[in-house]
Amino acid sequence: MSNIETSSVESAPNPLAVDLTTLTVAGLRKLTSNRGIGSGGWRVSATRDQLIQALTLGHIPTPAPAPAPAPAPASYSPAPQVPASSSVTPDRPAPLLEFPEVDNSFVVAPHIAELLEVVVKIPNGKIRNVLLTGPAGCGKTELARHGAATSKGPFFQFSMPLYREPLDLFGEKHVADGKTFFLPSRFIQAVETPNAIILADEINRVTPLLANGLLPLLDHRKEVFVEGLNRIVKVAENVTFFATANIGVQFTGTFRIDEALASRFPYRVEVTYLDRDAESQLLETRCGITCEDAMMLATVAETIRSKAASFGGTLSHAIGTREMIAAGWLVAGGMSTGKALTHTVVPIFDADGAESSERAQVLQTIQLVCGL
């Protein structure tokens, strides 16, 4: 190898190491130009093949391995790793699963209890979505929770008005150290939890854009591609979806449930008010009040509902079991039924019109049934 010319300078005891496997074209040209690399380093004049041969035979020094970094102090705590790009997504901590207990005070009509029992047994992979409609405060949300309690599945509840577009529901973008990444939401965790009962509360208060994002999860496909995660999210085994909706012109801020979304909920339950005996039993059991007080509250509720406009009466709206339970807790605290109703039910009604106002009619009903 006479055509390999090398010279070293004594002032440079550690000549520059040359690793041909990492050289660029420009580096090779620099070597072959006989200009050398670095002050006092090696000067090489050869073709590429000759350089490789020289390296193989050991004529050109190869780089020494880099020294291992010093061990970190015992108190050192590694910094959180930030994903290199948005395609790498860290996971949220595993969700704390909620398993509701059966509320013995909750009253469910036999035909509704039968439906819930059968729906959760529909074979895996088939549509098992239930839409609960009815007046406000009559137990729609509680019914979904009851379904989870009786089926012993983990329960996830999502207030749908809080979400405006699919990105809000599926996850959120984060930025750290100049890097962006997409963190999956609790909703995705719920969808991917086997045997889960998922409640989409007030589903007719979501925008059409968000409703469209739900369709693939609710139909036979049971999956949706989430761009932020760069993967397909699939509904886990034996997941049941419930949704609630208050339907009527009296409910503002709602959207009409279009046919595409409605068709994804083939099982419907119209939840309505309890009759007087059933509501009295619920109030007595849940609030711990006497049978007499519970019956008076239930009688007032039934009378007001009979006078509501939807029943051909003179009042613009009815009252729900929610208001009656609130009154029941006041009674349990030592307040009379009449006074309890003046703090819960009476303020709901308009006082315009003096003695002929809706509020006056309600007060008269309370006085006749309970006294004040």
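Author: Helices here are DSSP runs of at least four residues, numbered from the N terminus. In this predicted model, Thr-365 is found in one of them, helix H13, which covers residues 358-369.

Reader: Why is Thr-365 called buried?

Author: Buried means under 20% relative accessible area. Thr-365 has 6%, so it counts as buried.

Reader: And what makes a residue one that Thr-365 touches?

Author: The test for a contact is heavy atoms within 4.5 Å. Leaving aside residues up to four places away in sequence, Thr-365 touches Thr-303 and Lys-307.

Reader: How do you know where confidence is lowest and where it is highest?

Author: Look at pLDDT, which runs from 0 to 100. The protein chain averages 78, and 71% of the residues score at least 70. Helix H1 (residues 25-32) sits at the bottom with a mean of 51, while helix H11 (residues 321-332) tops the list at 96. Over residues 1-17 the pLDDT is below 50, though the stretch has 26 contacts in the model beyond near neighbours in sequence. Where pLDDT is low, the predicted coordinates should not be read in detail.

Reader: What makes up the lining of the largest pocket?

Author: A lining residue needs an atom within 4 Å of a pocket point. The largest pocket, with a volume of about 590 Å³, is lined by 31 residues. Nearest its centre lie Gly-137, Cys-138, Gly-139, Lys-140 and Val-271. H4 gives the most to this lining, with 4 residues.

Reader: How do those lining residues divide by type?

Author: They split into 14 nonpolar, 8 polar and 9 charged. Lys counts as charged, so Lys-140 belongs to the charged group.

How values were computed. Residues are numbered from 1 along each chain as its sequence is written. This is a predicted model: local features need pLDDT of at least 70, side-chain atom pairs count only at pLDDT 80 or more; totals for chains, interfaces and linings use all residues. Side-chain values use heavy atoms; hydrogens and water are left out. pLDDT is the predictor's confidence in each residue, from 0 to 100. Helices (H or I, at least four residues) and strands (E, at least two) are DSSP runs, numbered from the N terminus. On a 1 Å grid over the protein atoms alone, a cavity is a set of points where a 1.4 Å probe fits but cannot get out, and a pocket is an open set with protein on both sides within 12 Å along at least five of seven lines; lining residues have an atom within 4 Å of a point. Grid points are joined across faces, edges and corners, and a volume is the space filled by probe spheres set on the points. Buried means under 20% relative accessible area, exposed over 50%, partly exposed in between (1.4 Å probe, protein chains only).
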